[in-house]
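Colleague: I'm new to this one, so could you walk me through it with a few questions and answers?

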Amino acid sequence: MNALCIAATSFMQPELPAASSDDDTVRAAVAGDRKAFEALYRRHADRVYGAVLRLAGFDHARAEDLTQEAFIRAWQKLDGFRFESAFGTWVYRLAVNVALMSIRARNADPVSIVDDEHLPEITDIDNPVRAFERGELEKAIACLPPRARAVLVLHDVEGWKHEEIAVELSMAVGSSKAQLHRARGLLRRALGDKP
């Protein structure tokens, strides 16, 4: 379990920019300013890509497609943005929904096996052991069954509550908890820890 705990910290996403920094840019984009929307894209694409990459089982091409699809939908729905939350939060949630709909559309069978060529490159020069552990963790997460992977990523990495996951994945709260327990057990086994 140590490898899981140590490596999981590297999945955390950076803090979002303050909501007020996006408000004027969003208003300009709503008015049709494509350069303003491009600025929003540049500001938030990495975080969105990171979330959908994990949900897509580290399939880079699919994650890129899902990221693009999320921002296309954001552009289409931008006039409905109510400024009740930060734009980053709104577009992130939209992207997660796009990724989850993709999982459902594929009957929860996105990527079952990932080889070393498709894993993200690890460039942790200061700590090669941690980089190795992170790579092993990413490979183990990518090989999880899709619904278990989605629950694990949303709960343990993204910080969602089981109630939110249950709504998004159309499952009971108890099923979300069971899928999380299953995912953690499979990860422990894959990483060589005893259950």
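Colleague: Let's start at G192: what phi does G192 take just after helix 9?

Modeller: Quick note before that: this is a predicted model, where local features need pLDDT of at least 70, side-chain atom pairs count only at pLDDT 80 or more, and totals for chains, interfaces and linings use all residues. Residues are numbered from 1 along each chain as its sequence is written, and side-chain values use heavy atoms, with hydrogens and water left out. Helices here are DSSP runs of H or I with at least four residues, numbered from the N terminus. G192 comes just after helix 9, and its phi is positive, at about 90°.

Colleague: And helix 9 itself, how far does it reach from its first C-alpha to its last?

Modeller: Helix 9 covers residues 173–190, which is 18 residues. The expected span is 1.5 Å times one less than the number of residues. That gives 26 Å here, and the model comes close to it, with a reach of 26 Å.

Colleague: Is L55 buried or exposed?

Modeller: L55 sits in helix 3, residues 34–55. Buried means under 20% relative accessible area, exposed means over 50%, and partly exposed is in between, using a 1.4 Å probe and protein chains only. L55 has 2% relative accessibility, so it counts as buried.

Colleague: Which residues does T67 touch, leaving aside neighbours within four places in sequence?

Modeller: T67 belongs to helix 4, residues 60–77, and is buried, with a relative accessible area of 3%. A contact means heavy atoms within 4.5 Å. With those sequence neighbours set aside, T67 is in contact with A45, V48, Y49 and V52.

Colleague: What kind of aromatic pair do F87 and W90 make?

Modeller: There are seven aromatic pairs in the structure. Rings of Phe, Tyr and Trp (its six-membered ring) pair if their centres lie within 6.5 Å; planes under 30 degrees apart are stacked, over 60 edge-to-face, and the rest tilted. F87 and W90 lie in helix 5 (residues 87–105), three residues apart, or about one turn of the helix. Their ring centres are 5.7 Å apart and their planes are at 45°, so the pair is tilted.

Colleague: Which ring does the charged end of R47 sit over?

Modeller: A charge sits over a ring if NZ of Lys or CZ of Arg is within 6 Å of the ring centre and within 35 degrees of the ring normal. For R47, the charged end is 4.0 Å from the centre of the ring it sits over, and that ring belongs to Y92.

Technical notes
Helix = DSSP H or I, 4+ residues; strand = E, 2+ residues; numbered from the N terminus.
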